[in-house]
Structure formats: structure tokens, C-alpha cells
Amino acid sequence: MINALVAFYAFFLNLLAVSIGMAFIYGVARVLNLAHGAFFVLGGYLATALITRLGPVPGALATAAVLAALPPLFYLYVRLTRNELEQLFATYALLLLMEGLFKLVFGYGNYTLADLAAGLGAASVGGQRVPYAYFLAGVAVAGLMATFYLLLYKTRLGLYMRAVSDDREMAAALGVRSPLVQHLSIFLGIFATALLGAVAATWQAYTLGLSAEVLIYAFAALVIGGLGNIWGTAAASALVAVARTAVVMFYPELELLVIYIAVIAVLLIRPGGIFTRYARVA
Amino acid sequence: MRGWLSVVAFIGVAAVVFAAGGDYLKFVAAYVMMWSLAVWGAQLLLRYGLVNFGIGGAYAVGGYAAGLLYRHFGIAEVTLHILTAVVAAGLWGLLSGVVSARVRGVQYALLNLALSMVLYSILLKFYWATGGSDGLYVPLPRFFDASLGDLGLYLLALFFATAWMTLGLVYSQSAAARLADGVRINELRVSALGAHINRQIAAASALASVSAGLGGLGVAYVTSHVSPHYAHWSTSGELVVAALLSIFLPRRWGFVAGAAAYQAVRLFSLQFVTPELFVGVALLATLGLWRYYRR
Amino acid sequence: MMKKVTFRTGGTTVTDGVALARYVLEVMPDVKTVVGLNQDYAYGRDEWADFKNALLTMKPDVKVLDELFTPLFATDYSAQISKILDLRPDLVHTSLWGPDLVNFIKQATARGLFQQTRVAFARGEFGLYEGMPDDQIVEGPHYHGFPDPKAYYINRDFVEAYISRFGSPPPYPAYHMANAILGVKYAFEVAAAVENVEWPDLSAVVKIFERLAYATPGDYIIMTPNHNAMRGLSWASQKAVSSLRLSTCTRLRSTRRWAF
């Protein structure tokens, strides 16, 4: 039982890490970022490269610094597109560009911080061995979610973000600077994604071709939870993690299919997403 | 260029390519002409404003029609293959269209993606019947006991491409096309005017799937192989990108030009260490060019 | 036309499976339960099927507790590791390779899987450079330490040239490429000598290649008339000399069997 719980916990963290940033960006700025997976992977690559070279603390700081410099670039890039189709096209091109750059800059190897994380040791929970790195990752992700919560519900900027997420024009009519709020949310979303990618390097190996895999999982969690709803996405990640763990435990042949079946089921029954109040389907 | 003239010009170009080109160029030309049918299908749905990341499902259905018919029944007759591909892909398109017509936008894209990935998984898992990830061998088709050689296959590709150009010409004059534009621009207004939008979308989905299925069949002929990867979402992604490229061009022959442009970029990029970088830059350059000419 | 000029100088999953099964029975003659963890596509399924059939033919009372298949390039093996920890088999067979192998080794080490059960890696040679834990059964189509470079000059030259150029010992793909390139080279050279021309005709080359036998850095390959190769593999139990990540196994015990 403990083993199943650990498996669920690990996969839940995994899904949460990849989908939160995308939910945030889509919710407020309505930008569908096909290059989302590439930013996640970039965070992982950078963290591994810098931390193994500079040591844990300087490396982490260096990673954070580099990642903070990225979002404005992405924002400028997206600003150039005018409608959704162009966004799709441009972000797909960006995905390809970034994958190519990864190949040039980082090469073909496997980048992971798992060895460093294993050095932290493990706890024995209910007779099973659970590495401390998992707990640390959980704390990091929970900290990020708490930051999002504080931002969205306790600050004025968060209020504006929620307003823009609901109805952008109305918010603008009421005096909120909608474009600025959207731009800020893009910054934050990209930064959060890359940061989570860095955290995920403690259990995951980064290599070429991962961006596309990550994108699909993020998409699925996003749509199941309801577009642009962070808590919905979190709950959807939990749901998919439960489904996948159950499938592996009881009927492993379905594992290839489980996430797609979940998506189809949710889109057929409640297209707006499971956790939305006002479904935005069209 | 006027409709019929463009068709004739296209036939001329294809003839020149066949006469003057080497084996590789003929192969690429036949591949592009067959693949452009699937691009046409994706473009048709784009006209409704629907981005379909699951069109690979129909694409795979067409290819597997030939593969499975040959593997289990030994049938290599091209007319039977075409018939099966049309019926099977049409059914697939109708079902997926009915199911996905309730949603739009990202949900539509993802629902179709999930459907095509379920097909991918089925093709992968039932490997004793479908050959699994190894795929199936697709023989050179026969037309009433005569095997289509290189020339026959090229003529078949040319026939398909020109038939689809003609179909595109006829379609763009039809009421369905007007309706499609209307749905893309303002769905509520069109439905207030009395159109049954979901039915239209289902029908368009069926037509697009037939088109993609025949495209898949053709590509399977040209490459003599079909694999579950036809149904993977990355294949659909390539089709959508090529369709987006073709949107920048006149609809009549845009789909062939878009298909040709995408394949040319892809094949050219393979010589570099990072082909993705090259394709990404090329796509961005296209976007920039289009913005420049439309400003 | 294509079939005529296509040659396979590598082995098949049958050789992998049979060799691994025989070695497993040699080092673990009392193995009772087995779990398979492979990727869900043709290669993974073939490897598992060949290993399972070989093992069950040689020792019919072995019980297969479960057959797990994961999607190719899945990043998270926590659920599979949990299931294996619950099932407690004597042996796990896996043909995971590349990034999947690395992910699995790291995640399984963190969860303590290798303390509980032994794992037979059908393509594990790459894992030796990425922290393969002690006492696991590793099969690679090739290993840079076998045939011992100190005794076999072709391998010694190959390994030294590779290390001086790339900084680490050659993995099995390097050996595969060497096998293929050397095969083509020798086929052309022998055909040219036989025909007494500078550049031989393609059909002559094909005829020669069908019966070529040649020495390569990792192997001695005998080509057969149906264009497949008869060659060996290497496998062993991992015993690291130190805890360095790079494999410095000098006490690695390798055995070879011909299998075709």
C-alpha cells in the first residue's frame, strides 16, 4: 500500500510540475504555448549543468538568475503574433528551435541531478525506502503552490489576474491594465515552469525529445482540470496520477492508454473540465 | 491563376519532374503528392477554425487498410484498397466528428489527439494482428492483375493530387465552404441563420478523414510500409503545420504547395546536425514573410 | 533490389534472450519467480518473449509473476517500481535502454529496489556508466573490456583511439558501427581481390558478403547466406571495483556463447 502511495505521490508531483505553469499562462493570458515542454526541459538542463559545475548553492542561484532572464524574451516573441493560429505556428517553431539549441548546447547525454539527490539519503516509511529528495521536491512544489495562492488571493495583482482570467475586456473597462497583467502572468508562468523543471531534475533524466512528451502530459492535465484553473489542474494531476497508478497495479496493459482515455472521458462528460464552475467550452 | 489553368500547370510540372528527375526526385514528388491529400483534409478543418491534432488517426486507417488487407487476405488490388480506405476512414471521421463536434478550440484539438493516440495504442498493442510497432509491409498495388510500376504509382499520385485540386475548386464554390467560413467567423450567427453546425462539422470531419485516409494509403504505397507512427500526434502535428503553411497560399493549389514546401524543408534539414533548428527557423521565416506581404 | 543489398551484422533479440536465460540459470539456479519490465513496442515485446520462452523451456517451474510494459520514453517508473516492490520476485528482466534505462536505475536505486531483487538488464551496458548498482546481471551486445584489450590488439587499438578522441570508452553502438563498417570494407576488398579489379561490381560484393568471416574489435563475425550474422554477445554480473560512476570493472567476469 505504501508503495502505491509513493508511486502516486511521485507521479502526481511530476504532472503538477509540468502543468502548473501552462495553466497559469493560459488562464490569464490565453496563450497556448506549444513550447511549454521545452521551457520545462530547459530548466532541468540548466540546473543540472550549473549545479554539477558550480556546486549546489551557487549553481541553484545561477540557475535562478538565468531563468529569470528568459521570460521577457518569450514574451517579446509571443507579442509578435496576432491571433491563435499564428501563436500555434510560432510556438511550434519555437519548440523546434529550442530542441535544436538543446542539441547544440547540451549535446546528446542524459542530464540528471538524481545522484546528488540520492546523496541526501532516504527515510523508511512503513518498511519501504522513500528518498528524502522526494520530500524535498514535495516541499518545493508545495511552496510554489502556496506562493501562487498568496499571489492570486492576497495581493492586488492577483486580484487583477483573476479578473483578467475571467473577462479581460470587462476588467479593462473597470480600469485594470489587462495587457500588462497578461504580460506579467506570462513572465511568471514561464519562470515557474523552468523552475519546476529544475526541481524535477532530482528524479528525472533530461535528454532530447523529452519536450514533446512533457507537453502532452501538461496538455492533458490542463484540459482535464479546466483550462486556466490552477487548482483544477492540480486536482486533475492527482486524478490522473491515481488512475495511472491503479492501472499499473491492476491492469498494466492499459498504461499506454490511460491518460488518453482519461482525457476522452472528461471531454465527453464535462468538456469544460472537471473543476470549473463556468465552463468555457468554445 | 484561374482554377482549371492551375490544374493543367500542375500536371505539366509533375510531368517535367518525372521526365527529368532521378529516382529520388520522383520518389519525393510522388510522396508529396500523396501526402498533400492529408494536408487538404487538415486544411478543410482549419477552414472551420478547428485545429485537428488527431487527423493522423484517419491517415493511419488508410494506410493500414492496405497493409491489413494484404497481410491477412493477400489482396493487393488497388481498387479494393481504395474502397476500404475510403469507407474505413470515412467511418472513423464521422464517429470522431460526431464525438468532437461538441467542443471547440483547445478541447477539440486535444480530444482528437487523444482519439488518434488511442488508435495508436491499439495498433501497437495488438501486434499479432497489426504487426505492432514494426508495422506492416504494403506491396506495390495491382490494378486488375497488372502491377503498377514506378510510372503507375506516379500516375496514381498525380491522379489523386489533381482530383483533389478539382475537388477543392468545386468545394470552394459550394455552400458548405461558405458555411465553413461562417462557422469560423461567427458561429452563433450562422446557427441563428438555421445551419446545423454540429452536423456540418461531423460531415466535414468525415470528408477530411477520407482525404487523410487516401493520403495515408498513398504514402504507404510510396514507402511500401505502414506503421503505428502514422497515428501518432506528431504526424498530425506535421500535417497541421503544412496546412497552416498552405493557408498563406491560394486555396486551390495551396495544399500541394504547402505540402511540398514542408517536405522540402524537412528533407533538406536532415543533412544538418540539428534538423529541428533548421525547420524551426524556416517556419519562422515563412511566418515573417507572410506578415510582411500581408501588412 | 533492397533485399539483395541489405545485410544485418548485428544480433537479434533471440540471441539476447537465450543467452541471458542461460546465464541467469547459471548464476541463479534456484530462481523461482520472475517479473518482466519492458517497453511497450516491438523491441521490448520481442526481448521479453524470447527471454521468457527460453527461461521457461530450460526451467519450466519458474513462475512469471507479472509482465509490465511501459510506453517508450516514459520518464516516471515509480508505479512499476512500486509494483515490483510489492510482488517481491527473485529476478526482474528488463530490456530498457538509453534514457529509460538511466531513469529506471536512478529511480530504482532511490527506492531501494536493488537491495530486494536482482535485475537482469538485456541492454544494460550503457547503465554501467550511469551508476549500475552492484551484483546485477548485465548483458550488452558488446563491452569495451571484452575481448580483453591487453590480449586482443584490435580491441586495444579501437578502445584507445576512441578514448583519446571522445574521452570515455566505446559503448555498444560504437561496436555495432565498427562491425558494420568493417564488414562492408572487407566485402569490397575481398571482392576486388577476387575479381582482380579496382572497384568491384555490386553483385560480386553481395556474393562475397554472404560468406564473409571477419574479425572486429569486439567480436568475430560470420555472415551467412541469408544475410544475417552469426556472432556472440557479452554478459556478466556487475562487480564494481570502487564506487566510481565510470565502470572500472577489472574483475568483470565475461563469458561468451555462440548463438544464432
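**Strand β4 of chain C and the A–B interface**

Me: In chain C, which residues of strand β4 (residues 118-121) are buried, on one side and on the other?
Reply: This is a predicted model, where local features need pLDDT of at least 70 and side-chain atom pairs count only at pLDDT 80 or more. Buried means under 20% relative accessible area (1.4 Å probe, protein chains only), and strands are DSSP E runs of at least two residues, numbered from the N terminus. Both faces of the strand are covered, with C:R118 and C:A120 on one side, and on the other C:V119 and C:F121.

Me: Which residue of β4(C) is the bridge partner of C:L91?
Reply: Strands pair if DSSP finds at least two bridges between them. Strand β3 (residues 91-94) of chain C runs parallel to β4(C), joined by four bridges. The partner of C:L91 there is C:R118.

Me: And in β5(C), what does C:F121 bridge to?
Reply: Strand β5 (residues 137-140) of chain C also pairs with β4(C) in the parallel sense, over two bridges. The partner of C:F121 is C:V138.

Me: Moving to chains A and B, how much of the area buried between them comes from carbon and sulfur atoms?
Reply: Contact here means heavy atoms within 4.5 Å, and 40 residues of chain A touch 39 of chain B that way. Buried area is the accessible area (1.4 Å probe) that two parts lose on being put together, summed over both. For this pair that's about 3700 Å², and the carbon and sulfur share is 79%.

Me: Which residue of chain B meets A:E86 in a salt bridge?
Reply: A salt bridge is a side-chain nitrogen of Lys or Arg within 4 Å of a carboxyl oxygen of Asp or Glu. Chains A and B have three between them. In one, at 3.0 Å from N to O, the partner of A:E86 is B:R291.

Conventions:
Residues are numbered from 1 along each chain as its sequence is written. Chains are lettered from A and ligands numbered from 1 in the order in which they are written. Side-chain values use heavy atoms; hydrogens and water are left out. Buried means under 20% relative accessible area, exposed over 50%, partly exposed in between (1.4 Å probe, protein chains only).
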